[in-house]
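Trainee: Could you take me through one part of this model in detail, the place where the two chains meet? I'd like to follow it outwards from there.

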Amino acid sequence: MSGQKELEFKGYAMTDPSAWSNLTVVPFQPKNFGPEDVEVAITHCGVCGSDLHTLTGGWGQANLPVIVGHEIVGKVTRVGEKVKDIKVGDRVGVGAQVGSCLKCRACNDNYENYCPGMIHTYNHQYPDGVKTQGGYSTGIRAHERFVFPIPDKLESRYAASMLCAGVTVFSPLKAYGCGPGKKVGVIGIGGLGHYAVLFAKAMGAEVWAFTRGTSKAEDVKKMGADHVVDTNVDGYWKDLQMTFDIIISTVDHFPAGVSLRNILSMLYVHGKYITVGLPDVDEPLPSIHPFDITANGCLIGGSHVGSKEDMMEMLQLAADKGIKPWIQELPMKEAGKALEGVKAGKVRYRYVLQQDIAPVA
Amino acid sequence: MSKSIQFKGYALVDPSNWSDLQVREFKPKNFEPEDVEIAITHCGVCGSDLHTVTQGWGESKLPLVVGHEIVGTVTRVGDKVSEFKPGDRVGVGAQIGSCLSCKRCKMDYENYCQESIETYNGEYPDGVVTQGGYSTAIRAHERFVFPIPDKIESRDAASMLCAGLTVFSPLKTYGAGPGKTVGIMGIGGLGHYAVLFAKALGAEVYAFTHDATKVNDIKKMGADHVINTSENKDFHKDLSGQLDIIISTRDTYSPQTPLGDYLSMLFVHGKFISVGIPNADNPLPQIHPFDLMPNGALIGGSHIGSKKECLEMLRVAAEKGVKPWIEELPMKEAGTALRNLHDNKVRYRYVLSQDLA
């Protein structure tokens with residue numbers, strides 16, 4: 001180990017749920033360092049919808065104090081002796097998962113993001129009782145399997161939000177065969193949705209972007225979407241019956257009375273509607289009748305972040321194709337402002353926070 | 001040429017007496033060069049027949065002859081027909097027409113054509129109403145007629161043409177075979193075929209039933225494991241992440257049906273395929289994206305199968321000696337069959353023997 005000063009772990013935490021966007025700096029206990037662990041001094045962290053759902057209580061009461069943030073980039077300060085592919089000084093990322101059992105069928109099949117024993121990057125707990133705290137902070141420790149080297153060509157501020165938003169859409173696009181000759185629909189062009197457009201295009205598909213109104217249409221075309229559909233227009237689905245191989249839905253709010261039937265009718269035979277948007281716990285999907293999924297034999301699926309295999313492939317694709325997300329940068333002390341901006345639907349299209357509690361050498 | 005066939009069948013005339021079917025003559029399809037005419041010997045009784053006559057799926061045409069698990073003998077072929085000749089033993093299933101020119105029809109997905117015509121309660125472009133197999137005869141375009149292998153008896157083939165195909169198609173599509181584990185929920189007509197065909201394809205099979213009286217039968221059908229869901233409420237916990245495919249034949253759901261528990265039995269990206277179609281006012285229980293997230297599972301539907309799949313199913317059935325568990329009745333007792341089906345009394349499929357001509 002070099003003689004550099006030991007990393008001090010502190011971050012912007014919620015301590016009072018009634019003032020959920022009022023985050024104050026607190027010190028916290030990091031993961032107990034083990035031989036397969038990597039320690040990272042954080043430079044950037046993206047602001048994810050999950051952060052909002054967690055702090056507002058929409059996903060249940062958080063364990064206080066809680067530091068959110070799981071789109072983390074930084075510099076490696078320490079590695080355990082069994083760490084093979086990462087060294088001190090490397091530029092790396094950490095996403096929404098920091099642990100899994102590493103021995104079940106899912107973990108062995110490169111599906112660690114579906115391990116029943118998965119550990120989330122924040123608001124969760126290690127078996128030894130240490131709480132997981134996220135990336136609106138100075139540092140994090142994680143098992144090597146959940147730490148991702150960033151390709152040189154990819155800037156940290158761009159890589160950050162790929163680590164949750166990017167991989168969350170990349171994983172199902174890849175799993176369900178997005179590529180040349182395929183038709184992909186993306187519903188909702190926010191953080192997740194804009195990444196789905198960027199990646200689906202980079203993978204070679206023809207892309208339709210669905211957005212309410214026209215305010216985002218110009219941006220979405222610049223992102224590369226082949227077609228932009230205004231979902232406020234009555235009957236927008238009618239000319240698109242039986243079209244899509246994949247629809248990625250990033251919608252995380254379903255007003256009462258909405259039906260999925262018209263959206264599902266836009267899928268081709270055995271097409272997949274994958275919902276990556278996760279609403280509050282009291283907001284289920286609209287009612288589905290088997291009639292809705294029988295006419296085209298379509299499927300409705302969920303997806304959870306991505307594996308390390310997905311992540312590395314995605315980061316390489318981003319580096320090779322020069323993929324740049326549309327981000328708005330803020331100093332980390334303005335995390336509350338960013339969260340309010342996400343809540344109000346104002347962000348274009350992802351906030352990235354620059355760590356400002358302690359300098360990173 | 002043989003004597004011209006008289007088309008008549010046991011028809012629904014009064015939905016408030018849906019099991020009281022009356023013999024009625026009907027107008028068959030106008031005969032075209034690609035058509036095959038069939039003198040019917042057998043017709044299976046399908047859940048669809050019941051949902052239709054009870055009006056559960058919506059208002060039906062009247063009078064209406066149902067039945068779409070049809071086997072018979074070819075009496076006449078149009079001059080563009082290449083696959084069949086008079087005397088052949090053939091079957092017809094739940095679909096009788098499609099556009100034959102769209103992408104789906106050309107890719108062996110004619111069962112998903114948007115202009116699909118159903119074997120009964122549908123309508124040809126020229127206005128003729130389609131009438132089903134509780135009758136003396138039917139005419140169909142060659143694409144929707146299936147040759148029956150010699151090794152399969154007519155009475156066994158009949159119910160394969162809807163029930164068998166409806167489960168065979170998703171089993172095949174989603175990879176049921178050696179090394180795969182398939183769960184089947186609900187062991188009635190569809191479900192028992194799912195057990196038989198999943199085993200014939202080489203998969204390991206878990207059968208789920210709430211009916212203790214069926215357990216021994218299901219073992220004899222070949223299921224590797226039989227789970228009585230009314231005895232063991234936590235059945236899903238022991239099977240967490242174990243199944244690759246679940247075929248659900250349930251055709252009723254209550255809001256309390258624990259769909260999330262069933263989904264938890266799937267391995268990563270496993271598929272829960274609902275082939276049962278409830279009444280129009282009975283949707284799936286509500287699901288939250290959180291139910292689909294832990295394993296990236298998918299919930300899907302499926303609609304009968306293509307001719308290509310049907311021929312493969314019949315080939316597998318002939319090769320592996322798949323024999324359905326049927327109860328035979330003369331066709332005049334169709335009403336009894338429907339009432340018993342309604343009361344869940346059939347073990348496991350009724351097949352009617354045509355008795356009008």
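**Where the chains meet**

Mentor: Let's start with the strands: β17 of chain A (residues 299-302) and β16(B) pair in the antiparallel sense, over 3 bridges. Helices (H or I, at least four residues) and strands (E, at least two) are DSSP runs here, numbered from the N terminus, and two strands pair if DSSP finds at least two bridges between them. One of the bridge partnerships joins A:Gly301 to B:Leu298 in β16(B).

A word on the ground rules: this is a predicted model, in which local features need pLDDT of at least 70 and side-chain atom pairs count only at pLDDT 80 or more, while totals for chains, interfaces and linings use all residues. Residues are numbered from 1 along each chain as its sequence is written, chains are lettered from A and ligands numbered from 1 in the order in which they are written, and side-chain values use heavy atoms, with hydrogens and water left out.

Now step back to the whole interface. Chain B puts in 42 residues and chain A puts in 42 residues, where contact means heavy atoms within 4.5 Å. Between them the two chains bury about 3,600 Å², with 69% of it on carbon and sulfur atoms; buried area is the accessible area (1.4 Å probe) that two parts lose on being put together, summed over both.

On the polar side, the rule finds 1 salt bridge across this interface, a salt bridge being a side-chain nitrogen of Lys or Arg within 4 Å of a carboxyl oxygen of Asp or Glu. A:Arg105 forms a salt bridge with B:Asp244, and their closest N and O atoms are 3.5 Å apart. There are also 12 residue pairs in polar contact between the chains, both residues at pLDDT 80 or more. A polar contact is a pair of N or O atoms within 3.5 Å; within protein, one must be able to donate a hydrogen and the other to accept it, and residues adjacent in sequence count only if both atoms are side-chain atoms.

Which elements of chain B face chain A? α2 (103-106), β15 (266-274), α9 (289-292) and β16 (298-301) of chain B each supply at least two residues of that side, and β15(B) gives the largest share, 6 residues. By class, the side of chain B that touches chain A has 22 nonpolar, 16 polar and 4 charged residues. Here Ala, Val, Leu, Ile, Met, Phe, Trp, Tyr, Cys and Pro count as nonpolar, Asp, Glu, Lys and Arg as charged, and the others, Gly among them, as polar.

β16(B) also has a place in the domain picture. Chain B is assigned domain 1 (8-162 + 305-353) and domain 2 (164-301), with bounds that come from an automatic or database domain assignment. The C-alpha centres of these two domains of chain B lie 26 Å apart. In chain B, 25 residues of domain 1 are in contact with 27 residues of domain 2, and the area buried between those domains is about 2,300 Å², with carbon and sulfur atoms giving 58%. On the domain 1 side, B:Glu309, B:Trp325 and B:Tyr348 lose the most area to domain 2 of chain B, together 28% of what that side buries.

The rule finds 2 salt bridges across this domain interface of chain B; one of the salt bridges runs from B:Glu312 to B:Lys172, with the closest N and O atoms 3.2 Å apart.
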